[in-house]
Amino acid sequence: MPEAGSRLAADARPRLAPKVRLRWDRKDGRYMLLYPERGLVLNGTAAQVVKLCTGEHTVAAIVARLAEQYADQPADAIEREVLTFLHAMVDRGLIRSEP
Amino acid sequence: MSDDAPRPYTLVAELTYRCPLRCVYCSNPLDYASHQDALSTADWLRVFREAEGLGVVQLNLTGGEPLIRDDLETLVEGARALDLYTNLITSGIPCTRERLARLRAGGLDNVQVSIQDVRAPESDRIAGLRSFERKLEVARLVKELGFPLTVNVVLHRENLERVPEIIALAESLHADRLELANTQYLGWALTNRRALLPTREQLDRAREAARAARDRLRGSMELLFVMPDYYAEFPKSCMDGWGRRFIVVSPDGLALPCHAAHTLPGLVFDRVQERSLEEIWHHSDAFNAYRGEAWMPEPCRSCDRRAADFGGCRCQAFHLTGTATATDPVCSLAPDHELIEVARREATAPAASPLEYRTARSSAPA
């Protein structure tokens, strides 16, 4: 099995897998990812990352955008958090990075 | 979230029990023919709205065969307007490209096509209908039209050996998700248990093949292997617990905690034509019957696992022991566990039993 990192280069442009939809859950005031028979509740940062997973933005650009929004936190911690989340999502087949 | 006010996440809309297939493990009740389609398009759309209001985000359109309803397009559009994630669970019969294209335009999110095996003779034998080739065509159409595709295969002693071929077939169809679901022995499957229940060795081999494939396919095709609870040490948390996450509505409008709940004696289920889903969910006796722990017998009541498996499946408990509040016999701690041991021993017998097909004729009266 390849390293998760090798499947998501800095210039990859992640997007949601076809089976996945982002939904605002008005009942509990949070975002959820929905896919067949499952759902995943997202925290604030994760939701912002997912919104940028449109196939237009590179991983590097997404990291930069988040670092900008959380300027009060160390940039390398933000980068680690974003990459860990993206890799986990790619592993679960919820986000894809191929063209 | 407190257990006092559970939130349903999924509505299972059983649009009709009618189906051209006659699968020997159908999960519809044996008396399905006595439950007529009684809900109008407007009724279903109201049920969807009420469900969404309660917190439901997932909608499974199923049956029977949901494509038999000619208002399916309208129902899908209504679900989409509510932002529900809508999954069509179909046999693929009868289906046309035009119909699928309309459902796609209406906002259907996912299509799940069932196949029964990897070759026509075996698949058609289980379905009781010549359907295999057409199912593959429909699965290809689903992908062609841009839908995500789930392939569902119910596993049993006759097809478990072919799990590697089933996985290869799903790959060749470019399935996004493959559900390898071992038969749950309720309804018609319980009737046919002697012909369907595999041995532990068969299961272990299939599970190993599925595990290896899951690693290989990680990130491209989601692969689910659902173990049969007959070979588990503890029961499954059936429906994630009674009245906790799911609402099932039957074709005749019964609101149920699971798709077989109306086979349990002593419970009166409300109809969505007569009471709002909100009232039924929160206040009906039937939805409250097995919520929480007060109803539990020993050994469940003092068991550490009671909040993980909720004592197992009420329907299985009733259909095997005659008592709906019994500990699910699949639990190794259950007083009636010997019933499961007997079934496992039967599974090692070489001679297969004849299959009884799902038919209205053999349905018991309500």
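## Exercises on a two-chain model

Met239(B) sits in the loop that runs between strand 7 and strand 8 (246-249) of chain B. Helices (H or I, at least four residues) and strands (E, at least two) are DSSP runs, numbered from the N terminus. The model is predicted, so local features need pLDDT of at least 70 and side-chain atom pairs count only at pLDDT 80 or more, while totals for chains, interfaces and linings use all residues. Residues are numbered from 1 along each chain as its sequence is written, and chains are lettered from A and ligands numbered from 1 in the order in which they are written.

### Exercise 1: Backbone details

Let's stay with that loop: find the sign of phi at Met239(B), and decide whether Met239(B) is buried or exposed.

*Solution.* Start with the backbone: Met239(B) has a positive phi, about 55 degrees, although it is not a glycine. Next comes the environment. A residue is buried if 20 or more other C-beta atoms lie within 10 Å of its own, exposed if 12 or fewer, and partly exposed in between, with C-beta atoms placed from the backbone. Met239(B) has 24 other C-beta atoms within 10 Å, so it is buried.

Now try Phe310(B), in the loop between helix 12 and helix 13 (314-321) of chain B. Here too a residue that is not a glycine has a positive phi, of about 55 degrees. Phe310(B) counts as buried because it has 25 C-beta neighbours inside 10 Å.

Finally, locate two cis peptide bonds of chain B, one ending at Pro94(B) and one ending at Pro299(B). The bond from Ile93(B) to Pro94(B) has omega near -5 degrees, and Pro94(B) belongs to the loop between strand 3 and helix 3 (97-105) of chain B. For the bond from Glu298(B) to Pro299(B), omega is near 10 degrees; look for Pro299(B) in the loop between helix 11 (285-289) and helix 12 (306-309) of chain B.

### Exercise 2: The sheet of chain B

Trace the strand order of the sheet in chain B and name its edge strands.

*Solution.* First, the order: nine strands form an open sheet, 7-6-5-4-3-2-1-8-9, with mixed pairing. Two strands pair if DSSP finds at least two bridges between them. Second, the edges are strand 7 (222-226) and strand 9 (255-256) of chain B, each of which pairs on one side only. Third, pick out one pair: strand 2 (residues 58-62) of chain B runs parallel to strand 3 of chain B, joined over four bridges. Leu61(B) is a good residue to display, as it stands opposite Leu88(B) in strand 3 of chain B.

### Exercise 3: A helix pair

Describe how helix 6 (residues 163-172) and helix 9 (residues 200-217) of chain B pack.

*Solution.* Two numbers are needed: packed helices are described by the angle between their axes and the distance between the axes. Axes are lines fitted to C-alpha atoms, for helices over the stretch in contact, and angles run from 0 to 180 degrees between N-to-C directions. For helix 6 and helix 9 of chain B, the angle is about 30 degrees and the axes are 9 Å apart. That makes the two helices roughly parallel, since angles under 35 degrees count as roughly parallel, over 145 as roughly antiparallel, 65 to 115 as roughly perpendicular and the rest as oblique.

Now list the residues. Val163(B), Pro164(B) and Ile167(B) in helix 6 meet Ala206(B), Ala209(B), Ala210(B) and Ala213(B) in helix 9 of chain B. By class they are seven nonpolar, no polar and no charged. Here Ala, Val, Leu, Ile, Met, Phe, Trp, Tyr, Cys and Pro count as nonpolar, Asp, Glu, Lys and Arg as charged, and the others, Gly among them, as polar.

### Exercise 4: Where the chains meet

How many residues of chain B are in contact with chain A, and what is their make-up by class?

*Solution.* Two residues are in contact if their C-beta atoms, placed from the backbone, lie within 7 Å. On this basis, 20 residues of chain B touch 16 residues of chain A. Strand 3 (85-90) and strand 4 (110-115) of chain B each supply at least two residues of this side of chain B. The side holds four nonpolar, eight polar and eight charged residues.
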